[in-house]
Amino acid sequence: MISWPLLSVIIFLPLFGALIILLIKEDENTSSNIRWAALWTSLGVFFLSLLLWVQFDYSNSTYQFEEKFKWFEDINIYYHVGIDGISLFMIILSTFLTPLCILSSWRCIKFRVKEYMLAFLFLETFMIGMFASIDILLFYIFFEAVLIPMYIIIGIWGGERRIYASFKFFLYTLLGSVLMLIAIIVIYKLTGLMSIELLQGNYFQKNTQIFLWIAFFASFAVKIPMWPFHTWLPDAHVEAPTAGSVILAGVLLKMGGYGFIRFSLGMLPEASAYFMPLIMTLSIIAIIYTSLVALAQTDIKKLIAYSSVAHMGIVTIGIFLVNQQALEGAMIQMISHGIVSAALFLCVGVIYDRMHSREISFYSGLVNKMPIYSTVFMIVLLGSVGLPGTSGFIGEFLVIVGAFKYSSIVVIGAASGILLSAVYMLYLYKRVFFGIINNEKLNSILDLSIREKIILIPLVLAVLLIGLLPNLFIEPMSRSLELIIINYEIVNAK
Amino acid sequence: MLNNFFSILLVPEICLSIFCIANLLYGLFLKKNSFRKTSNFAIIILLFVSILIFVGFKTDLAFFDLFFKSSNFIRFFKILVCLGAASVLIISKNYFIDLKISKFEIPTLILFATLGMLIMIGANNLMIMYLSIELQSLSLYVLASINKNSIYSAESGVKYFILGALSSGILLYGFSLVYGFTGTTSFEEIKIVLSQQTDLSLGIIFGLVFILVGLAFKISAVPFHMWTPDIYEGAPTSVTAFFAIVPKISAVALIFRLCLEPFENFSNEWSQIIFFLSISSMFLGSIAAIAQSSLKRLLAYSSIGHIGYVLIALVANNDQSIKSASIYMFIYMIMNISIFAILLSLKKSNMYLEKISDLVGISKSNPITSLCLAIIMFSMAGLPPFIGFFGKFYIFIAAIESELYFLSIMGVLASVIAAYYYLRIIKVMYFDVSEKNESFDFVISFHSKILLLVLILIITFFIIYPSLLINYTSILRIT
């Protein structure tokens, strides 16, 4: 196929863009150059990543676009990247959201533009690198490195309580991931391998698996986040700038789900089966509890943040049911949530930029002044609720179909989440958009500008695309997921 | 015969001691600029000696009945000591001149201290070891109080002297107990004598404990760390830089050698002590640093914490431990030199920075300096992709290899706590908004700028080609 290292180019192109930006001296006149440089870099990365999709071989269940170099001489650590059906869409999601984030911060980031764009480009490299890693240490390095730009983004450009939120975000997720480091080293000690590809299967004793599983769980459950480890998320979301929330909800949460599929299911199948009831319980609690909490929120961003936890609960249910429908549903739900929550946060950003308030009670009757905005918001909101025809429906439906094979209690839990999400989302919509304008300040509010339309319309299209043509997304990933499921079933049938 | 005579001069220690005296005389006869010239001379000497060590001429004749010993582990740490001392001289030259304490004795004292450390690392006999520790310590006591106009500097010198003397006394008592119960002071013979005993007599156990306590003072492991923050704070920052880097490296080498050579067969006994020292250092280092407002005190606690991690490798006591400890100390040295290089050249309204809160607003006025500081802080916190992560990674590999799961989990937990205070410095630099618009001066000499640049590049890009250091440290053996 291709002779040049496409995947490495995609991973490190943002760093190249960052280097160029680093050389631009920031002042009044050059800050727009910095923005353009960042935008073009991220767009370039996006188009290259589409090339991955085009050239992706659907019938192949193993890694493609592999590149492998010896990295550490004394340990079996390689620079080993490659993608399969599971990581393909995660990478495309990251590259898709980054240019939108940069575009959305075009006006609202007024100071330290250079550092901001640098942070985003670094973040993009780390995110893509993480999803593309086949070597566990490489994965870990990218996984933790993500914290650094995110910490800076929340801390510098965030809201009033940004310092508290950034520290909480950083330390909470660091605490989870350091335990994973220990688990990685234990894996290396037991097998002498550091390759995710080779370690797929049943390499460990059941007792060992249980300890390793707990260590991985600590890091991914914080990241995804599962109840009761979710408390960092509302703070981080509320205080982060709009683009920060978008990346946080759109991609960073997916790292947890991705990790569960790769490590917990792929490497530790026995322990995953052992802990399945725990995951189901936590997920159902998360879905019902955080949905109710979301219902009580007065801050729009916080409401969306809690809804993320609930949606991720459906994802974890889908992952740990380990059957074809549920796992595909979990993957689609992750992609869908990446797009929908990103769109919702961007929508909140639109009115926040105009009014500098996120209070629900501040707004009312927006539909009178902002018809296009209201339409866009309605579509993504319905995507979040899971209306047929939108992306959310596919994910939730598949997970529920999968859950029927396991237990009807889980089905009730997951379905109640969908019901509750409709309640809090539509209630939000009613309060913010319908009715008459009570607040005088809203009289002068303007509808979407061209830049905002450019940002939101691709997201709306993506929501509808996944909803109407789900096979486009399910087919590439189904073979890779099948591999994991077969492996899981063989091990647990014994 | 003549040949042998000249080859004696190629022994690094002998060469260095001759140059020490030469440097002293050189300084005495200089009228003007004596400090600048002697310190340049001292830097050249140290680099020359490190090349001598690196080349490693065969000099068996100079070993004086196995009083000294050489192995690639010893040579590696000797090189680290020499390079560390040279770097400290490079980065602190301007500071001494600025503080008007530019005496030519300073480079000479640093040379003598370095000489003491080289002998100490290579010592193969308790007597030699003790004498070299004293040579090192006496030079350091004087260095701590070199700023005689400052009451804090004098205080730190006296404090250092009293506690150092106490620890030396304890160490000497331990040596005498070991001598009394084994009848020898040579490392090899102690090992032979001890290997014939199935269970240790009480006297030797006491001796071992006293020796470890004395050495714990030197590496400032908790609970023998009390002197560190006070002395770091009181001494002039450039001297603090020396204290934080060079004696720590040599003392770590010493504690490794002592535990793994003469007392090798009794790892059950000493590993309990080291285990406790390690956990308590990691936790006290990270928890106590949270409350600090002074930068130098913070660095003192941070160095205590780092020592805790190195000791994990010693507890592990397997074929990975030498490698991981060497890597860790190398990384520790790099990070500390670079952070002190910045602290020694950064001034705010004509005053050197003392408090963490002084850093407010630096990211606006000196973006590159603050970026460097931020990189060092992330690296010290052990976050990938910076070099500090790999230090910790190798330490934990060694620990897991010996199935020290509890210790490694404690280690990572402590590193999360420690991350808090490193992040706090970044927070002060980047997140806090200053009301006043104070200007920072970053006055740095050409040489230390180059040094800083190289070190920052190593910290950031080590990840791309780690094999150079890894391969070199993989072959290190203690005997």
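# Chat about a predicted two-chain model

Modeller: Chain A has 20 helices and two strands. Helices (H or I, at least four residues) and strands (E, at least two) are DSSP runs, numbered from the N terminus.

Colleague: Where do the numbers and letters come from?

Modeller: Residues are numbered from 1 along each chain as its sequence is written, while chains are lettered from A and ligands numbered from 1 in the order in which they are written. This is a predicted model: local features need pLDDT of at least 70, side-chain atom pairs count only at pLDDT 80 or more, and totals for chains, interfaces and linings use all residues.

Colleague: What box do the C-alpha atoms of chain A fill?

Modeller: Roughly 70 × 55 × 40 Å, along the principal axes.

Colleague: And what is the radius of gyration of chain A?

Modeller: Chain A has 22 Å, and a compact globule of 494 residues would be near 23 Å, so the two agree. The radius is taken over C-alpha atoms, and the globule rule is 2.2 Å times the number of residues to the power 0.38.

Colleague: New topic. How many residues does each chain give to the contact?

Modeller: Chain A gives 24 residues and chain B gives 24 residues. Two residues are in contact if their C-beta atoms, placed from the backbone, lie within 7 Å.

Colleague: Which element gives the largest share on the side of chain A?

Modeller: α7(A), with 14 residues. The elements giving two or more residues there are α5 (136-145), α6 (147-157) and α7 (162-191) of chain A.

Colleague: What classes of residue are on that side?

Modeller: It has 18 nonpolar, one polar and five charged residues. Ala, Val, Leu, Ile, Met, Phe, Trp, Tyr, Cys and Pro count as nonpolar, Asp, Glu, Lys and Arg as charged, and the others, Gly among them, as polar.

Colleague: Now the sheet. What is the strand order in chain B?

Modeller: The order is β2-β1-β3, in an open sheet with antiparallel pairing. Strands pair if DSSP finds at least two bridges between them.

Colleague: Which strands stand at the edges?

Modeller: β2 (351-352) and β3 (440-442) of chain B. Each has a single partner strand, so one side of each is left without a neighbour in the sheet.

Colleague: How many bridges join β1(B) and β2(B)?

Modeller: Strand β1 (residues 346-348) of chain B pairs with β2(B) over two bridges. B:Lys348 has B:Met351 of β2(B) as its bridge partner.
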